[in-house]
Amino acid sequence: MSWISRKGRDRYYRLAKERNKPSRAYFKLMHLDRRYGIIRSGFRIVDLGSAPGGWVHYELERVGEAGIVVSVDLDEYQKPHTRNLVFLQADILRLDASDLLMQLGGKADVVASDAAPHLSGIREVDMARHYELAEAALRIAKLTLSDNGWFMVKLFMSEEFRRFAFKLKTTFGSVNFDKPQSSRKESGELYAVCRRLLQNA
């Protein structure tokens, strides 16, 4: 089955089109939020690797007018026109955390990363690049999160996963790994959902 025909038969791809959402990623975050209770009204959120905006749409709905979402991506994308969304066109590998804190107006309640590299087709190279982004997201979380804040990051099962999972467990008081029902069954992705920065992290 071709990639195009598979998308056409995919429930969450169709739902995203029907509900005018940028991508199926909207439902991935919705499912994680419903399971863990991550996002609340008034929260400050950093969204890393935002394009095409599925997570941003969901985050804005949840935080309401009292909250703020700072979206970071190398690429421009079609964003909602709302005063509580700030877009920074930047490389998260070189992102200055002080810029995020200034835009947020304080520490973040959530740092979320659905970032993924442009794929080369060589698994070892792609995994190394992906975990470089995950490491950058973790660095940003440690510099910007409130003590009781949440960190979410997309991961893939690999040799790098075990090393990175250990690092998460020594950085946060609570760490869960989850594959939301809206992820494609054939996808190897899963999400780390972490909370409470440890004092010695």
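Me: Let's start with one ring in this predicted model. At 29% relative accessibility, what does Phe 177 count as?

Reply: Anything under 20% is buried and anything over 50% is exposed, with partly exposed in between. Phe 177 has 29%, so it counts as partly exposed. Phe 161, at 10%, counts as buried.

Me: Okay, now aromatic pairs. How many does the structure hold?

Reply: The general idea is that a pair of aromatic rings is described by the distance of the centres and the angle of the planes. The structure holds seven such pairs. Take Tyr 26 and Tyr 58: the ring centres are 5.5 Å apart and the planes sit at 85 degrees, so this pair is edge-to-face. The two rings link distant parts of the chain, with Tyr 26 in helix α3 (residues 25-36) and Tyr 58 in helix α4 (residues 54-63), 32 residues apart. Both Tyr 26 and Tyr 58 are buried.

Me: And what about the rings of Phe 161 and Phe 177, how are their planes set?

Reply: Their planes are at 65 degrees with the centres 5.2 Å apart; planes over 60 degrees apart count as edge-to-face, so Phe 161 and Phe 177 get that label. Phe 161 belongs to helix α7 and Phe 177 to strand β6 (residues 172-178), so the pair ties together parts 16 residues apart in sequence.

Me: Which residues form an aromatic cluster?

Reply: One cluster is made of Tyr 26, Phe 27 and Tyr 58.

Me: Let's do helix packing. At what angle do the axes of α6 and helix α7 cross?

Reply: Two packed helices are described by the angle between their axes and the distance between the axes. Here the axes of α6 and α7 (residues 159-169) cross at roughly 10 degrees and come within 11 Å. Angles under 35 degrees count as roughly parallel, so α6 is roughly parallel to α7. The contact divides into eight nonpolar, no polar and four charged residues. On the α6 side they are Met 127, Ala 128, Tyr 131, Ala 134, Glu 135 and Leu 138, meeting Glu 160, Phe 161, Arg 163, Phe 164, Lys 167 and Leu 168 in α7.

Me: What sits in the loop between β5 and α7?

Reply: Ser 158 is placed there. Ser 158 is buried at 11% relative accessible area. Leaving out residues up to four places away in sequence, Ser 158 touches Arg 123, Met 127 and Tyr 131.

Me: Now the core. Which residues touch the most other members of the largest nonpolar core?

Reply: In soluble globular proteins, nonpolar side chains tend to be buried together. The largest nonpolar core here has 38 residues, and Leu 48, Phe 151, Leu 155, Leu 168 and Phe 172 touch the most other members. Helix α6 (residues 123-144) supplies the largest share, nine residues. Apart from this core lies another, of 25 residues, including Ala 25, Met 30, Tyr 58 and Val 110. Back to Leu 168: its contacts beyond four places in sequence are Leu 138, Phe 151, Leu 155, Val 175, Phe 177, Ala 192 and Cys 194.

Me: One last residue: is Leu 190 buried or exposed?

Reply: Leu 190 is buried, at 11% relative accessible area, and it is placed in strand β7 (residues 189-197). Sequence separation and spatial distance are worth reading side by side: Leu 190 and Val 153 are 37 residues apart in sequence, yet their C-alpha atoms are 8.6 Å apart. Val 153 is one of the residues that Leu 190 touches beyond four places in sequence, as are Phe 161 and Phe 177.

Notes
Residues numbered from 1 in each chain as written. Predicted model: local features only at pLDDT ≥ 70, side-chain atom pairs only at ≥ 80, totals over all residues. Heavy atoms only, no water. Core = buried A, V, L, I, M, F, W, Y, C linked by side-chain atoms within 4.5 Å. Buried < 20%, exposed > 50% of the residue type's maximum accessible area, 1.4 Å probe, protein only. Helix = DSSP H or I, 4+ residues; strand = E, 2+ residues; numbered from the N terminus. Contact = heavy atoms within 4.5 Å. Axes fitted to C-alpha atoms, helices over the stretch in contact; angles between N-to-C directions. Parallel < 35°, antiparallel > 145°, perpendicular 65-115°, else oblique. Nonpolar A, V, L, I, M, F, W, Y, C, P; charged D, E, K, R; others polar. Phe/Tyr/Trp six-rings, centres within 6.5 Å; stacked < 30°, edge-to-face > 60°.
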